[in-house]
Amino acid sequence: MGFINPSTPPVPPAEFVTLPLRERIRILSTHWVEDGFGTPRMLHVVYILKMLGLYFAVGLAITSATTEYVHFTEPGTWFDNVVVYQKLAIWLMLLEVVGLGGTWGPLCGHFRPMTGNIRYWLRPGTLRMAPWGRRVPFTGGDERTIGDVLLYLAVLAALIYPLAISAEPVQFLPAGTGPQELVPPSAFLPILILMPLMGLRDKVIFLAARSEQYLPIMLFSATLGWIVMSDNASAADFINLVVAFKVIICIVWIGAGVSKFGEHFINVVPPMVSNSPGQLNVLKRLHYRNAPDDLRPSKLAWFMAHIGGTTVEVVIPIVLLLTTNNTVALIGAVAMLIFHIYITSTFPLAVPLEWNVYFGYIALVLWGGFGDGFDASVYNIWEFSEPLLLLPIFALLMFGPILGNLRPDLVSFLPSMRQYAGNWASAVWALKPGIEDRLAELPMVESQVKQLQRMQPMPYAPDDAEMMMQKALAWRSMHSQGRGLFSVLYSHLDDIESRTVREGEFVCTTMLGWNFGDGHLHDERLIAAIQRRLNLEPGDLVVAFCESQAVPWTGRPQEYRVIDAALGVVERGSWSVSDCVREQPWLPNGPIPLDVAWTADGYRRQHTLTGGKEPVS
């Protein structure tokens, strides 16, 4: 890839678009090994500037302006004041809900303009996804109203308020702890009320705000913080608050680590490493068994996934949660900082870069012991003065991950803490000619192929733009569920070669303004909302959708369903994850076996073999 120009395509784009789908997937998945998404390096510089400048520098400047003891020009004060934990969490939540955090820009399908979120959510008439519209009064429907826009504006104001007001000093502190401040506990009440209400009207905004990460911080800041700031407080109450903050971050780490058990995550690491602009090509290839002929993960990929990934993300947080030794705490904090720096360096799709900066930085704040900060011999779980209170704290924080892994159909993979586990609800869309253009009849929707043709400073030609969009298909095919989704399409459609095939996550971004990889945002509910507006014919839009695999993650099948926009769900079934991970991304041996459990009355597949093409060797 170049600094300004995208990478050179592996075949001429005009030739590429004429090839069979399976051959296109083979070309782009093998090209991904060294090239990744192929975006210009200039964009990575933009992401770095946004991450370190807009989030970290501006966030610290806001903290400095609204506190007494944190000074922007004195880095030593950045690491021993718990108020930075609060202020940066609020700032990041605001950036996320506006659309300037994760999922911003080209690596998330926002090509031109590069911001989604706020552009959609300030406009009445755009699509809205209520989580329980049929069950919760006053939340039904799928169209944004003026009331929804006003509620969204109220959410923004509720986040700006605690950022803008001055922190207040903590009166009672343990010996050895320097002066501390907290955001007034009452300042968190508006967002604790408004964000759940917003979530009932539109789960997309609730999830985009990364509520599962930041609302617990605000909840404990309001409740335990109120105790800390009361006249009857003691130094033990401040210890309790800091320990609760530690528990939050450790549960996120451990939940994410546990979710990586099973057969999925090892398939995430190679394509993620391949997207890193700073990684040597020889190291990228070493993550595959024998690229370009065999793209299954290598032993190095297994080591990076389950030792450098799963083990680090589970063992070190447990140690940090239990340790009373300052040296152990500092080593663990530095290890987690390195862990987050490495993830950030790969620029994973959805680019949660600011989140990684926050977690790596806060690890140093809470466990580093810098300055007059938080000595591990004082601020540890064994010094929590109300042990029984830990039970509801852990229960609240673990509810989402536990339920989400037992019943992934009920919970987004975000509160399930399964963000990079590779075990995702996902979808691939197959549209008849002309149907993608019809999607542009929806408010704010423009195909990414057309967005790419308006990219500056180097607009794409139509065939180049189409090839670029199909890289997202290749990326999906390199993950376990991708093989299953393409198998479903090949088994259902005899006209697959004439269709426009799109990765569901990228299409969803144009529909709703945001998607972080949560397939529940573009399941049959979104398809039904589109159908109500476009009145498509049977077969015009066919979606292969799969649900996340529930625990136990070994031996249990992964469920899929086929959605026809005009007919609804027409087939349900399952596949073996082991069958998926044994195959190459382009399925040279044909579709993997599918176990059909149910078919809608009167529905017949258009095809039962391999999509009318011989397997590609």
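This short presentation covers a pocket, a buried glutamine and a sheet in a predicted model.

I begin with the second largest pocket, whose volume is about 440 Å³. Its lining comprises 25 residues, and those nearest the centre are Lys260, Met272, Glu313, Phe339 and Ile343. Five helices are to be named here: α10 (235-258), α11 (269-274), α13 (299-322), α14 (326-345) and α15 (353-367) are the elements that give two or more residues to this lining. The largest share comes from α14, with 6 residues. As to the character of the lining of this pocket, 17 residues are nonpolar, 5 are polar and 3 are charged.

I turn next to Gln448, which belongs to helix α18, residues 448-452. Is Gln448 buried or exposed? The relative accessible area of Gln448 is 4%, and this residue is therefore classed as buried, the cut-off being under 20%. Beyond its neighbours within four places in sequence, Gln448 is in contact with Gly109, Phe111, Met469, Phe506, Val507, Thr509 and Thr510.

Finally, the sheet. It is open and consists of 6 strands, in the order β6-β5-β7-β8-β9-β10, with antiparallel pairing. The edges are occupied by β6 (500-503) and β10 (595-599); each has a single partner strand, so one side of each lacks a neighbour in the sheet. From one strand to the next, the twist averages 20°. Within this sheet, let us consider one pair in detail. Strands β7 (residues 541-546) and β8 (residues 558-564) run antiparallel and are joined by 5 bridges. Which residue of β8 stands opposite Ala544? That residue is Val562.

Key:
Residues are numbered from 1 along each chain as its sequence is written. This is a predicted model: local features need pLDDT of at least 70, side-chain atom pairs count only at pLDDT 80 or more; totals for chains, interfaces and linings use all residues. Side-chain values use heavy atoms; hydrogens and water are left out. On a 1 Å grid over the protein atoms alone, a cavity is a set of points where a 1.4 Å probe fits but cannot get out, and a pocket is an open set with protein on both sides within 12 Å along at least five of seven lines; lining residues have an atom within 4 Å of a point. Grid points are joined across faces, edges and corners, and a volume is the space filled by probe spheres set on the points. Helices (H or I, at least four residues) and strands (E, at least two) are DSSP runs, numbered from the N terminus. Ala, Val, Leu, Ile, Met, Phe, Trp, Tyr, Cys and Pro count as nonpolar, Asp, Glu, Lys and Arg as charged, and the others, Gly among them, as polar. Buried means under 20% relative accessible area, exposed over 50%, partly exposed in between (1.4 Å probe, protein chains only). Contact means heavy atoms within 4.5 Å. Two strands pair if DSSP finds at least two bridges between them. Axes are lines fitted to C-alpha atoms, for helices over the stretch in contact, and angles run from 0 to 180 degrees between N-to-C directions.
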